Amino acid sequence: MQKWTEKRKEMVEQQIQARGISDKKVLEALLKIERHIFIPEGSLEEAYEDYPVPIGCGQTVSQPYIVALMTELLQLSKNDRVLEIGTGAGYQTAVLASLVKEVFTMEIIPELASSAEKRLKEYGYHNIFFRCCDGHAGWKEHAPYEKICVTAAPAEIPSSLVEQLVVGGKMVIPIGTWTQELLLLEKQEHRVITKETIGVRFVPMVKGK
Ligand code: SAH
C-alpha cells in the first residue's frame, strides 16, 4: 500500500539517516521490509513511529533506529551466519535475513516464537532457522557464527555467546538491568574488544527454567 511505503520513507529519512546511519544496505533493508506486518492490528498506526511498540506477552518490537543501529554496527556481509537472541515479532530477524546468508534465531516465549516463525515463512524467508528456548547458552549445533545480535538485556555478557563467535566476529548486546549500555564486542585471537555505543532500554533477557 502506498501509505506504508511513504511512511517507511519518512521513517528512514527522519529517524534513521537524520541520526547518522549511512550504510546503504541497512537503509535499503529498512525501506523495503514492511514493518507493519510485524505489529499487532491494534497498534498498526504506530508501526513506523519513533518508539518501541508492544507485541503481546509483555514484549516490544524495538524502535526502528535501534534496529538500524544494531544492524549497522554488525557490519554484515552476505555470507555471514548470524545468531539472534530474542526473536520477538521477528522484525530485526527479517532485517538481518535480508542481508546475510542464514539467521539462527532463538525466542523463549512459545507464542511469540511460533507466530514469528509463521509470519516470516509466509513472508517468504527461507534462510531463517527458529528455536524456542533460553538463548543464554546460544545454539551450539550451528556455531560458530560471524555475528551475534542480542535483543534482550542480560546483566552480564553470557560467556557461551562469546565462545560461539568466530575469531574476527562481532556481537551487539545491551548489558545492564533497568537501563543498559549497548555494547559492540569484537572477538580477537586472545581477547575480546568491547566498545560502548549508546544507552538503551531493552526487556530483560530472562533465565529459562
Ligand atoms: N528483536 C525483536 C524484539 C525483541 S524483544 C523484534 O524485532 O521484534 C526481546 C525478546 O527477547 C522478547 O521477545 C523476549 O521474550 C525474548 N527473550 C527474553 N529473554 C530471552 C532468552 N533468555 N532467550 C531467548 N529470548 C529471550
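## A tour from the β1–β2 loop to the ligand

Start by selecting cysteine 57, which is found in the loop between β1 and β2. Keep in mind as you look around that this is a predicted model. Display the backbone torsions here: phi of cysteine 57 is near 55 degrees, a positive value in a residue other than glycine. Most residues other than glycine have a negative phi. The loop belongs to a hairpin of β1 and β2 with two residues between the strands.

Next, widen the selection to the two strands themselves. How do β1 and β2 run relative to each other, parallel or antiparallel? They run antiparallel, and three bridges join β1, residues 53-56, to β2. To see a facing pair, pick proline 54, which has threonine 60 of β2 opposite.

Stay with β2 and bring up the ligand. Which element gives the most to the shell around the ligand? That is β2, with three residues. Now colour β2 (59-61), β3 (81-85), α4 (91-97) and β4 (102-107), since each of these supplies at least two residues of the shell.

Show the whole shell now. The ligand has 27 residues around it, and the closest are Ala89, Glu107, Asp134, Gly135 and Val206. Colour the shell by class and you will find 14 nonpolar, 10 polar and three charged residues. If you have a pocket surface to hand, switch it on: the ligand sits in the largest pocket.

Then zoom in on the polar contacts, one residue at a time:

- **Glutamate 107:** a polar atom of its side chain is 2.6 Å from an oxygen atom of the ligand.
- **Aspartate 134:** an N or O atom of its side chain lies 2.8 Å from a nitrogen atom of the ligand.
- **Isoleucine 108:** here the backbone takes part, with an N or O atom 3.3 Å from a nitrogen atom of the ligand.

How much of the ligand's accessible area does the protein cover? On its own the ligand has 580 Å² of accessible area, and the protein covers 99% of that.

For the last stop, leave the ligand and select alanine 143 and proline 144. The peptide bond that joins them is cis, with omega at about 0 degrees. Most peptide bonds are trans. Where does proline 144 lie? Look in the loop between β5 (128-132) and β6 (145-150).

Key
Residues are numbered from 1 along each chain as its sequence is written. This is a predicted model: local features need pLDDT of at least 70, side-chain atom pairs count only at pLDDT 80 or more; totals for chains, interfaces and linings use all residues. Side-chain values use heavy atoms; hydrogens and water are left out. A residue is near a molecule or strand if one of its heavy atoms lies within 4 Å of it. A polar contact is a pair of N or O atoms within 3.5 Å; within protein, one must be able to donate a hydrogen and the other to accept it, and residues adjacent in sequence count only if both atoms are side-chain atoms. Accessible areas come from the Shrake-Rupley method with a 1.4 Å probe; for residues, only the protein chains shown count as cover. On a 1 Å grid over the protein atoms alone, a cavity is a set of points where a 1.4 Å probe fits but cannot get out, and a pocket is an open set with protein on both sides within 12 Å along at least five of seven lines; lining residues have an atom within 4 Å of a point. A molecule sits in a cavity or pocket if more than half of its atoms lie within 2 Å of its grid points. Helices (H or I, at least four residues) and strands (E, at least two) are DSSP runs, numbered from the N terminus. Ala, Val, Leu, Ile, Met, Phe, Trp, Tyr, Cys and Pro count as nonpolar, Asp, Glu, Lys and Arg as charged, and the others, Gly among them, as polar. Two strands pair if DSSP finds at least two bridges between them.
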